[in-house]
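Visitor: Hi! Could you walk me through this one?
Guide: Happy to, let's have a look together.

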Amino acid sequence: MQCHSSCTICNGPKQEDCVNWSEGYFYDETTSKCEPCHLSCKSCKPPGSYLYCIGCREGYYILEHYNDGTDQCEKCPEGCLSCSSSKYCLECQKGYVMNE
């Protein structure tokens, strides 16, 4: 059986049949559908905003970690592929070099 694209495990082909959600989605109980997380989030908890991330996508870093296990993700500085803060680039995007 093929699942909806927002599911990794399902009981049927429709979005509401999801049992486990693909990275970047969360289950919204008010709509009974899988909804996309904020673009900075690897995965998230409802309501899916940038304040409810569970890990950050590439090009973002954890600005703040909350007691409920969620993170607030912020975009890395221009030219950074990965970073640990707004001032510290760990890896550069193609065409950029580290400035010591």
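**Core and cysteines**

Guide: In this predicted model, the largest nonpolar core has eight residues: Phe 26, Cys 37, Cys 41, Cys 44, Cys 53, Cys 56, Tyr 60 and Cys 73.
Visitor: Which elements give two or more residues to this core?
Guide: Those are strand E5 (41-44) and strand E6 (53-56). There is also a second, separate core of six residues, including Tyr 61 and Cys 76.
Visitor: OK, how many disulfides are there?
Guide: The count comes to seven. One of them joins Cys 37 to Cys 44, S to S 2.1 Å. The torsion about that S-S bond is about -85 degrees, so the disulfide is left-handed. Cys 37 is buried at 11% relative accessibility, and Cys 44 is buried at 9%.
Visitor: And what does Cys 56 bond to?
Guide: Cys 73, with the sulfurs 2.0 Å apart. Cys 56 lies in strand E6 and Cys 73 in strand E8 (residues 71-75), so the pair ties together parts that are 17 residues apart in sequence.
Visitor: Why is Cys 34 not bonded to Cys 18?
Guide: The Cys 34 sulfur is 3.3 Å from the one in Cys 18, its closest cysteine sulfur, and that is too far for a bond, because a disulfide here needs the sulfur atoms within 2.5 Å. Cys 34 is buried, at 3% relative accessible area.
Visitor: Switching topic: how do E9 and E10 run, parallel or antiparallel?
Guide: Antiparallel, with three bridges joining E9 (residues 80-83) to E10 (residues 89-92). The two strands form a hairpin with five residues between them, and Ser 82 stands opposite Glu 91 in E10.

Conventions:
Residues numbered from 1 in each chain as written. Predicted model: local features only at pLDDT ≥ 70, side-chain atom pairs only at ≥ 80, totals over all residues. Heavy atoms only, no water. Pairing = 2+ DSSP bridges. Helix = DSSP H or I, 4+ residues; strand = E, 2+ residues; numbered from the N terminus. Core = buried A, V, L, I, M, F, W, Y, C linked by side-chain atoms within 4.5 Å. Buried < 20%, exposed > 50% of the residue type's maximum accessible area, 1.4 Å probe, protein only.
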